[in-house]
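Take a moment to turn the model around on your screen before reading on. We'll start with a small detail and work outwards from there.

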Amino acid sequence: MSDEPEEVSLNDLRPGPIRHEPLSGELLAMARFTYDRLGKFIYPSFEQWELGFLRDVNPDRELILWFRMSYAYENYTENNPSENVEEIYKDLVGLSIGGECDTERKLALNALCNSDIPDDYVRKALEFGGFESS
C-alpha cells in the first residue's frame, strides 16, 4: 500500500454513515439558528443541514464552529450592510478550513470568530431554535 493520496472522482463520493442520534435541546436550537444564518447557503433544507452534523465524528464541536461563524457573519453584515453576503460567507468558510487572512474583511471576520460571544447572542440563538431553559 502506498502512502500517496488516492485520487477519487467527485462522482464517487457518498455521504458518510449517520453516527449519532438526532440532535435535541441546545444542539438542535443551535443547528436551527446556524442554518438560518449560514446553512441555507449550503443546503436547501434544515433536515439536510442537520444530517451533516449527525454524520460528523464530533457534532458538538462542529456546531460550535458554525455558531462562531454565524456570530461573525451576523455582526459583520450588520456593520457592513453594503457588502455582498455571499462573499462574506465564502470568506468565512475559507477561514474555517485554514485559509489566509489576506484582506481586511478576512482579518475582521477572523477576529469576530475568535472573540467572546455575548450572552445575549447565545440566548437569541436558543430562543430562535425553540429551546426553553429551565
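Find Cys113 in this predicted model and look for a partner for its sulfur. The closest cysteine sulfur belongs to Cys101, and it sits 9.3 Å away, which is too far for a bond. A disulfide needs the two sulfur atoms within 2.5 Å, so this pair doesn't make the cut. In fact, the structure holds zero disulfides.

How exposed or buried are these two cysteines? Cys113 counts as buried, because its relative accessibility is 14% and the cut-off for buried is under 20%. Cys101, on the other hand, has a relative accessible area of 29%, so it's partly exposed.

Now stay with Cys113, because it also takes part in a contact between two helices. Which helices are they, and at what angle do they pack? They're H4, covering residues 85–96, and H5, covering residues 104–113, and they pack at an angle of about 65°. Two packed helices are described by that kind of angle together with the distance between their axes. Here the axes of H4 and H5 are 10 Å apart, and the crossing is right-handed.

So who's doing the touching? On the H4 side you'll find Glu87, Ile88, Asp91, Leu92 and Leu95. H5 brings Arg105, Lys106, Leu109, Asn110 and our friend Cys113. If you sort the residues of this contact by class, you get five nonpolar, one polar and four charged.

One of those residues, Ile88, gives us a handy ruler for the next stop, which is Asp119. Asp119 lies in helix H6. Along the sequence, Asp119 and Ile88 are 31 residues apart, and in space their C-alpha atoms are 24 Å apart. Is Asp119 buried or exposed? It counts as exposed, because its relative accessibility is 57% and exposed means over 50%.

Helix H6 spans residues 119–128, and Glu127 has its place there too. Glu127 is likewise exposed, with a relative accessible area of 58%. Try finding Ala29 on your screen: Glu127 and Ala29 are 98 residues apart along the chain, yet their C-alpha atoms are separated by 7.6 Å.

What about contacts over the whole protein? Take the contacts with a separation of 6 or more: residues 24 or more positions apart account for 67% of them.

Time to zoom out. How many helices and strands are there? You can count six helices and zero strands, so from the N terminus on, the elements simply run α-α-α-α-α-α. The C-alpha atoms fill a box of roughly 50 × 40 × 25 Å, taken along the principal axes.

Finally, think about inside and outside. Of the 134 residues, 32% count as buried, and Cys113 is among the buried ones. The protein exposes about 9100 Å², and carbon and sulfur atoms supply 48% of that area.

Key: Residues numbered from 1 in each chain as written. Predicted model: local features only at pLDDT ≥ 70, side-chain atom pairs only at ≥ 80, totals over all residues. Heavy atoms only, no water. Axes fitted to C-alpha atoms, helices over the stretch in contact; angles between N-to-C directions. Helix = DSSP H or I, 4+ residues; strand = E, 2+ residues; numbered from the N terminus. Left-handed = near helix turned anticlockwise from the far one by under 90°. Contact = heavy atoms within 4.5 Å. Nonpolar A, V, L, I, M, F, W, Y, C, P; charged D, E, K, R; others polar. Buried < 20%, exposed > 50% of the residue type's maximum accessible area, 1.4 Å probe, protein only. Areas by Shrake-Rupley, 256 points an atom, 1.4 Å probe, with all protein chains shown as cover.
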